[in-house]
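User: I'm new to reading protein structures and keep tripping over the vocabulary. Can we go through one together, with me asking how each label is earned?

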Amino acid sequence: MNVEPSWDFYRSFLTVLQQGSLSAAARELGLTQPTIGRHVDALELAIGAELFTRSPNGLLPTDAALALKPYAETLAATTAALLRTASGQRDHVAGTVRISASEVIAVEVLPGILGPLQEIYPELQIELSASDTIEDLVNRAADIAVRMAEPQQGALVVRRIGDIPLGFHAHRRYLERYGIPQTLADLANHRLIGFDRQTAYVRMVMKRYAVPGIEFVFRSDSNLAQLSAIRAGVGIGICQTGLARENPDLVHILPKAFSIPLGTWVAMHESLKSSPRCRATFDVLVRGLQDYHRYSTSA
């Protein structure tokens, strides 16, 4: 009779796949390297295929490993959701809530909203995934998401926050040295901060809101790194006006000529409406982000 492989085997396999070696996977999971090796060996025996080959750069996944990867990731997400759900099966607000949000919102905005919530509910635990990758709410990769693109999946509870404005900003130190641009065309003579890859979104923004041919002298695929560069006086870059307002040394450049509306939504799976911990977290996120939106758009 075939024996179903233990979930521990899949977890070890997925961690080796992510970390690239048995030793790194062992450190990540808090296990010994021989234990990780036994788990991988047992899974290979169960499926009848080799999962990794050794190379000077570590363990390389085989085609069989790459085929198993999405299923192992689904198992990991489902297991995490199961544990979060089990932790919150009480009448009061307690247990774990996993929130997905963009880098900038997660780092710059949400801690100020979620910190007071945990003071009210000390048994509430927050997992905050700071990534610009959209996590799947239907399959419970996260319980609640703050998204900058309108959710298209069904079976979701969605609240629209509004459009958070983005604009060009620069530190006073930079402007004292290089001057303040008076038109969008003047930006061609300034040090601009932007993305390192011309994605479809970046091309659309540059075509719709700015002048063609602009080149970035400081490039990063991280919005947080761009924001940090603006604050450091590296050059002129795009950031949320609400964040810039908190720093008196940041100046809004060409506010009447350039503004990008960043649509913002809060969403969770409709099955979580009856969960006290998720409902409380969802409601406070909506209220807190609405306050942030009003602050960002006020004159």
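Analyst: Sure, let's begin with the surface. The protein chain exposes about 15,800 Å², with carbon and sulfur atoms supplying 51% of that area. Keep in mind that this is a predicted model.

User: How much of the protein chain counts as buried?

Analyst: Of its 299 residues, 44% do. The chain also has 10 helices and 11 strands.

User: Let's pick one residue, then. Why is Phe52 called buried?

Analyst: Buried means under 20% relative accessible area. Phe52 comes in at 8%, so the label fits. You'll find Phe52 in strand S1.

User: And what does Phe52 touch, leaving out residues up to four places away in sequence?

Analyst: Quite a list, including Phe13, Val16, Leu17, Val40, Glu44 and Leu59. As for distances, Phe52 and Ala64 are 12 residues apart in sequence and 8.8 Å apart in space, going C-alpha to C-alpha.

User: Val40 and Glu44 are part of H3, right? How do you know that the length of helix H3 agrees with what a helix should span?

Analyst: Helix H3 covers residues 33-47, which is 15 residues. At 1.5 Å a residue, they should span 21 Å, and the end C-alpha atoms are 21 Å apart, so the two agree.

User: Which residues of H3 are buried, and what covers them?

Analyst: The buried ones are Thr35, Ile36, Gly37, His39, Val40, Leu43 and Glu44. Their cover includes helix H1 (7-19), helix H2 (22-29) and strand S1 (52-55). Just past the end of H3, Gly48 takes a positive phi of about 70 degrees.

User: What makes His293 buried?

Analyst: His293 has 17% relative accessibility, and the cut-off is under 20%, so His293 counts as buried. This residue sits in helix H10 (residues 276-297). Setting aside neighbours within four places in sequence, His293 is in contact with Ile161, Gly162, Asp163 and Ile164.

User: Now cysteines. Why do Cys239 and Cys278 count as buried?

Analyst: Same kind of check: Cys239 is at 6% relative accessibility, so it counts as buried. Cys278 is at 0%, so that one counts as buried too.

User: How many disulfides does a search of the whole structure find?

Analyst: Zero. To be called a disulfide, a pair of cysteine sulfur atoms has to be within 2.5 Å.

User: Last one: what share of the contacts with a separation of 6 or more comes from residues 24 or more positions apart?

Analyst: In the protein chain, that share is 73%.

How values were computed: Residues are numbered from 1 along each chain as its sequence is written. This is a predicted model: local features need pLDDT of at least 70, side-chain atom pairs count only at pLDDT 80 or more; totals for chains, interfaces and linings use all residues. Side-chain values use heavy atoms; hydrogens and water are left out. Helices (H or I, at least four residues) and strands (E, at least two) are DSSP runs, numbered from the N terminus. The expected span of a helix is 1.5 Å times one less than its number of residues. Buried means under 20% relative accessible area, exposed over 50%, partly exposed in between (1.4 Å probe, protein chains only). Contact means heavy atoms within 4.5 Å. Accessible areas come from the Shrake-Rupley method with a 1.4 Å probe; for residues, only the protein chains shown count as cover.
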